[in-house]
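I opened the notebook to go through this structure one place at a time, writing down what I looked up and what I found.

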Amino acid sequence: MKWLFIASLIGCLVGFVASGFIRSLHYVIEQSNQYQHIFYLLPLSFFLANLLSQFVLKRHLGTDTLIDAINKNYGKLEGSFIPTKVVNVVLILATGGSAGKESPCAQIGAGIGSVCASLFRVNDIDRRKMVLCGFCAGFACVFGAPIAGALFGIEVLAVGVIFYDVLLPAFIASVTAYQVSSALGVTFFYYPLKFIPAFGQGFFIQLIVGGIVFGLCAFALVRAIQQSTLATNAIPLWRPLKGFLGGVILVVLTLLFSRDYLGLGLNLMEDCIKGYSVNRFAFLLKAIFTIITLSISRSGSVITPILFIGATAGGSFAQLVGADQSTFAAIGFVSLLAGTTNTPIATSILAIELFGASIAPYAAVSCVLSYLMSGHQSLYASQRLIIPKSGAIAIRPGLSIGSLSADRKPTDIRLSSWLQRLKSFFNGLAGRKNGAKDE
């Protein structure tokens with residue numbers, strides 16, 4: 001009864017506030033889309049966003065900071081509980097920056113959970129649960145999938161474990177927030193597929209190969225974002241000036257290619273899932289636009305662009321192997337998210353809630369393959385690695401993904417005994433050949 005009341009209260013508050021933010025953001029984007037050349041303002045919006053970040057919004061809480069606070073400090077938040085970079089997100093998305101809206105909603109939810117915990121004067125364990133309830137409810141409002149949103153907020157905290165003690169309040173908060181958002185007019189993408197697997201045509205082999213490809217794409221995307229951010233930070237220029245130059249680059253790319261890769265890109269993503277023909281290289285172009293936006297502006301979320309990249313990559317893969325585009329666009333939609341955030345269970349449930357139960361088993365296989373193939377990488381550096389993805393990789397569990405990524409030493413691979421004997425045999429054989437040559 002206690003958690004039914006608390007989680008319902010948090011869900012109602014998060015649903016109300018997050019819906020206001022989402023509807024306001026969509027209104028601004030709709031108004032700006034009426035001007036075809038609004039993207040010419042990208043240099044100015046990036047300049048202003050970086051100026052605000054440097055001088056005004058220093059206590060902003062990012063998603064990484066929230067994950068770290070939940071993991072290490074029982075959800076105690078030291079910065080502003082409402083995302084102070086909402087202005088930055090609106091600026092960037094209104095002018096065409098390639099980013100998402102999930103991060104501000106998750107921050108709003110976590111902040112509301114933290115405020116409720118302070119008002120009720122709960123202990124540290126309950127505070128963590130309440131912050132996590134709001135965190136999950138924020139994701140549910142954006143995904144339009146309450147169960148997947150709740151699981152995503154829990155699963156993204158640590159690789160290899162799920163905190164079962166918070167499942168009930170997280171589900172209650174997420175379902176409540178979703179219902180409130182729906183009642184307030186927030187619309188969600190839902191496209192159930194009429195899917196019948198054709199095993200006689202090698203569908204399962206295509207699925208396995210697709211899951212591996214999506215995992216490698218996830219690995220490459222995470223590394224590209226990390227390296228681009230490091231390279232941008234290393235440039236010896238005033239940060240707002242970097243933002244201005246980044247905006248100029250995006251304007252040039254838009255003139256060279258298309259406006260399709262600006263903003264949220266929801267229309268093109270939905271067209272791909274519905275089976276309409278799209279540019280085979282759309283996923284690469286969207287990745288480039290997203291990498292530049294995130295490394296330069298450091299505002300907004302990357303989840304919506306990842307869903308776009310996954311759907312269009314799935315469509316391109318389907319064209320390449322002669323499979324159904326809608327099926328693999330939907331599978332790529334969830335698989336790339338699974339690989340970049342290490343959340344195979346939540347993304348498998350997301351496939352059910354968005355595309356129907358018929359595709360679920362196959363999307364789940366692809367999500368797990370993508371999760372395994374992406375390695376020990378994550379979009380969220382604060383995510384903890386509790387159970388390594390492979391027993392052959394010597395990594396000390398319990399560390400954050402960021403601390404693992406910072407160590408660039410060669411990976412110590414633990415070989416099986418028969419592989420060790422095989423390696424010793426070939427090393428000995430090579431040694432005898434080198435000795436013979438010396439003689």
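Entry 1, a serine pair. In this predicted model I looked up the side chain of S295 and found it in polar contact with the side chain of S228, at 3.0 Å. I also noted that the side chain of S295 reaches the backbone oxygen of I292, at 3.3 Å. I placed S295 on helix α12, which covers residues 282-297. When I listed the residues that S295 touches, setting aside those up to four places away in sequence, I found S228, T229 and T232.

I then asked whether S295 is buried or exposed. Its relative accessible area is 4%, and because buried means under 20%, I entered S295 as buried.

Entry 2, the surface. I looked for nonpolar residues on the outside and found a surface patch formed by F55, I235, L237, W238, L241, F244, L245, V248, V252, L256 and F257, which together have about 990 Å² of accessible area. Which helix gives the largest share of this patch? I wrote down helix α10, residues 239-256, which contributes six residues.

I took V248, one of the patch residues, as an example, and found it in helix α10. Its relative accessibility is 34%; since partly exposed lies between the 20% and 50% limits, V248 goes down as partly exposed.

Entry 3, the interior. I noted as background that nonpolar side chains in soluble globular proteins tend to be buried together. In this model I found that the largest nonpolar core has 88 residues, and that F135, F333, L350 and F355 are those with the most contacts inside it. I followed L350 further and, leaving aside its neighbours within four places in sequence, found it in contact with F143, A145, A148, F333, V334 and L337. I also recorded a second, separate core of 28 residues, which includes F21, I29, A137 and L264.

Entry 4, the whole protein. I counted the secondary structure as 18 helices and three strands. How many of the residues count as buried? The figure I entered is 52% of the 439 residues. For contacts between residues at least 6 apart in sequence, I noted that 77% join residues at least 24 apart. Last, I wrote down an accessible surface of about 19400 Å² for the protein, with 64% of that surface belonging to carbon and sulfur atoms.

Note on methods: Residues are numbered from 1 along each chain as its sequence is written. This is a predicted model: local features need pLDDT of at least 70, side-chain atom pairs count only at pLDDT 80 or more; totals for chains, interfaces and linings use all residues. Side-chain values use heavy atoms; hydrogens and water are left out. Helices (H or I, at least four residues) and strands (E, at least two) are DSSP runs, numbered from the N terminus. Buried means under 20% relative accessible area, exposed over 50%, partly exposed in between (1.4 Å probe, protein chains only). A polar contact is a pair of N or O atoms within 3.5 Å; within protein, one must be able to donate a hydrogen and the other to accept it, and residues adjacent in sequence count only if both atoms are side-chain atoms. Contact means heavy atoms within 4.5 Å. Patches are made of residues with over 30% relative accessible area and no salt bridge: like charges are joined within 9 Å, nonpolar side chains (Val, Leu, Ile, Met, Phe, Trp, Tyr) within 5 Å. Accessible areas come from the Shrake-Rupley method with a 1.4 Å probe; for residues, only the protein chains shown count as cover. A salt bridge is a side-chain nitrogen of Lys or Arg within 4 Å of a carboxyl oxygen of Asp or Glu. A nonpolar core is a set of buried Ala, Val, Leu, Ile, Met, Phe, Trp, Tyr and Cys residues joined through side-chain atoms within 4.5 Å.
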